[in-house]
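Student: Please examine one strand of this model closely, together with the elements that pair with it. After that, please relate it to the other parts of the chain.
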Amino acid sequence: MPLAAVLVSPRRPQCLIAMKFILRLFPEISIKSRPVRNRLIKVLTNNLFNVALHHNFALKVQAQWDKLIVSVGEDDAEATRELAVRELSRVPGIHSFLEVKEFAFERFDDIFAVAGPIYGPQLENHTFAVRVRRRGNHPYNSQEASRIIGGMFKSHYPNKGVNLSAPDVTINIEIDQNKAFVITNKYKGMGGYPVGSQGAALTLISGGFDSGVSTYKAIHRGMRVSYLFFNMGGTAHELGVKQESYFIWDRYASSHRVKFVTIPFEPIVGQILERTHHGVRGVILKRMMMRVGSKVAARLKCEALITGESVGQVSSQTVTNLNHIDAVSDCLVLRPLVMEDKQDIVDKAKEIGTAGFAESMPEYCGVISDHPNVCPARSFVEEEEAKMDSSLVEAAVAAAVVMDIKDIPANTSKLEEEVEIVHELMRGDVLLDVRAPDDAQKSPLVVAGHEVITLPFYKVASEFGNLDNLKTYALYCDQGVMSLMQARELKEKGYHNLKVYRPQDDSAATSNNDAVNGNTEAVSRE
């Protein structure tokens, strides 16, 4: 077909598809050999299907050598689009992705018919440039296509002219054989390797800043991570750690089924306090955790333990003491934060959404040395440790409680009848929005005729008692998971002026005329 023929045709494009995304691979995937790259793309594709299934939206994936093309849903519902964008940005293995309109075309008029209404109104009083990436056999190159489509925009919409070096507006279009993609938005991905591509690990999760960030970093590098919590006597602490673990999994790694393991550690803590020298208690505690963790890892077929330790951060994390701790582990110990500064860790926790847990987590301070020894001799540590019963490790492993992490919210199911769940509000009910602050700010909860109080999930237990006890509060979150868990805890504390609000139609709770969508930002950020 001659180049001139491309310019003539007032035809409309064929079969416009509502939601399409082009996913760019993490650069380290792109440089792998063909067999490795194919394997990683296959893992990423499967992960995308699993994430979509978990978060209740449909997608189709077309894998190509350097990218994935993902079609989402069957219509262009805004709530579905926002959900898809949010979840794609959290799937490890994706460097960036483009939101596009895809359609079959024969002439440049077909492309302009789609791109014009999208970009044209933006050009008034602005310079612009058209960037075309072309693939396939065509009677024109990318530069010629850019020039022709640019001429259409210049003549049809008010503008300040073309500026190829520093345009105010850039019009991005991709051509692949007889299909065209008009790019409407660009998004940053999470990067890293697809979850499950780099083996399995067991993270020692405590609820603090460090363990949450180290877990995230392991997931980012493609590890399938299960969670291990050492309970030293606090039920509130265990509940908080479960919520954080579910949050991390649900937000960044829901493509894989993993376990949450609780180890009753009170007997071990008791003997450390009663029988060992105060200067090495912290080191002995960590060594016992490594012994137990290694055995649990072997049971779950995990190849490594992950900890949040950083060199020199506390007395048990000197190089000498870290060596003493590693000496008793039967498997590899990974420390993603080993050279990180504390402020960098805190900043990362805020970025990934786990800071709220760390700030509100009940602390257990039962094994603190008055004068910790930062460089004890190995023989002294072993001598003190030998004063403890040798059966403690096996007993702790035998007492482990193992559950599927996806069942953490279902722990509250036995209280479904005790906690009233309503789909409509009564007159006078006050809505209590327990979502994380940034979610509540981005999508404010508005229900006509009802007062709304924003109280983040991590403050509910401590601040609910300050509210007017003559009023009835309806707890709300996007999926109804966190609200139910918080209602359960309040019931256990003796409060009864509460219920859980789950609107049957999301449009019942609106924000700036947009539906509050079925958003599962994990247990804490739903």
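Tutor: The account below begins with a single strand and then moves outward to sheets, cores, helices and aromatic rings.

The model is predicted, so local features are reported only at pLDDT of at least 70 and side-chain atom pairs only at 80 or more, while totals for chains, interfaces and linings use all residues. Residues are numbered from 1 along each chain as its sequence is written, and side-chain values rest on heavy atoms, with hydrogens and water left out.

The strand chosen is β17, residues 473-476. Helices and strands here are DSSP runs numbered from the N terminus (H or I over at least four residues for a helix, E over at least two for a strand). Tyr 473 and Leu 475 lie on one side of β17, Ala 474 and Tyr 476 on the other, and all are buried; buried stands for a relative accessible area under 20%, exposed for over 50%, and partly exposed for the range in between, with a 1.4 Å probe and protein chains only. Both faces of β17 are thus covered.

Two strands pair with β17, where pairing requires at least two DSSP bridges between the strands. With β15, residues 430-433, the sense is parallel and there are four bridges. Within this pairing, Ala 474 faces Leu 431, and Tyr 476 is the bridge partner of Asp 433. With β18, residues 498-501, β17 is also parallel, through three bridges, and here Leu 498 stands opposite Tyr 473.

β15 can be described in like manner. Its residues Val 430 and Leu 432 point one way, Leu 431 and Asp 433 the other, and all are buried. β15 also pairs in parallel with β16, residues 452-454, over three bridges. In β16, Thr 454 is the bridge partner of Asp 433, the residue whose partner in β17 is Tyr 476.

Leu 475 of β17 leads to the interior. Together with Ile 219, Tyr 227 and Phe 260, Leu 475 has the most contacts inside the largest nonpolar core, which has 57 residues. Such a core is a set of buried Ala, Val, Leu, Ile, Met, Phe, Trp, Tyr and Cys residues joined through side-chain atoms within 4.5 Å. The greatest contribution to this core, seven residues, comes from helix α7, residues 235-252. A second core of 37 residues is separate; among its members are Val 261, Val 292, Val 296 and Ile 325.

Ile 219, named above for its core contacts, is one of the buried residues of helix α6. Of the 12 residues in α6, 11 are buried. From first to last C-alpha, α6 (residues 209-220) reaches 17 Å, close to the expected 16 Å; the expected span is 1.5 Å times one less than the number of residues. Just after α6, Gly 222 has a positive phi of about 95°.

Tyr 227, also named for its core contacts, falls within strand β9, residues 224-231, which runs parallel to β8, residues 200-204, through five bridges. Ser 226 of β9 is the bridge partner of Leu 202. Both strands belong to an open six-strand sheet with mixed pairing, in the order β12-β11-β8-β9-β10-β13. At its edges are β12 (332-334) and β13 (401-404), each paired on one side only.

Aromatic contacts provide a further link to β17. Rings of Phe, Tyr and Trp (its six-membered ring) pair when their centres lie within 6.5 Å; planes under 30 degrees apart are stacked, over 60 edge-to-face, and the rest tilted. This rule gives 15 aromatic pairs. For Phe 464 and Tyr 495, the ring centres are 5.1 Å apart and the planes meet at 75°, so this pair is edge-to-face. Phe 464 lies in the loop between α16 (457-463) and β17, and Tyr 495 in the loop between α17 (481-492) and β18, so that the pair links parts of the chain 31 residues apart. Phe 464 is buried at a relative accessible area of 2%, whereas Tyr 495, at 27%, is partly exposed.

Elsewhere, ring pairs join Phe 112, Phe 128, Phe 153 and Tyr 157 into a cluster. Phe 112 is one of the buried residues of helix α4, in which 10 of 12 residues are buried.
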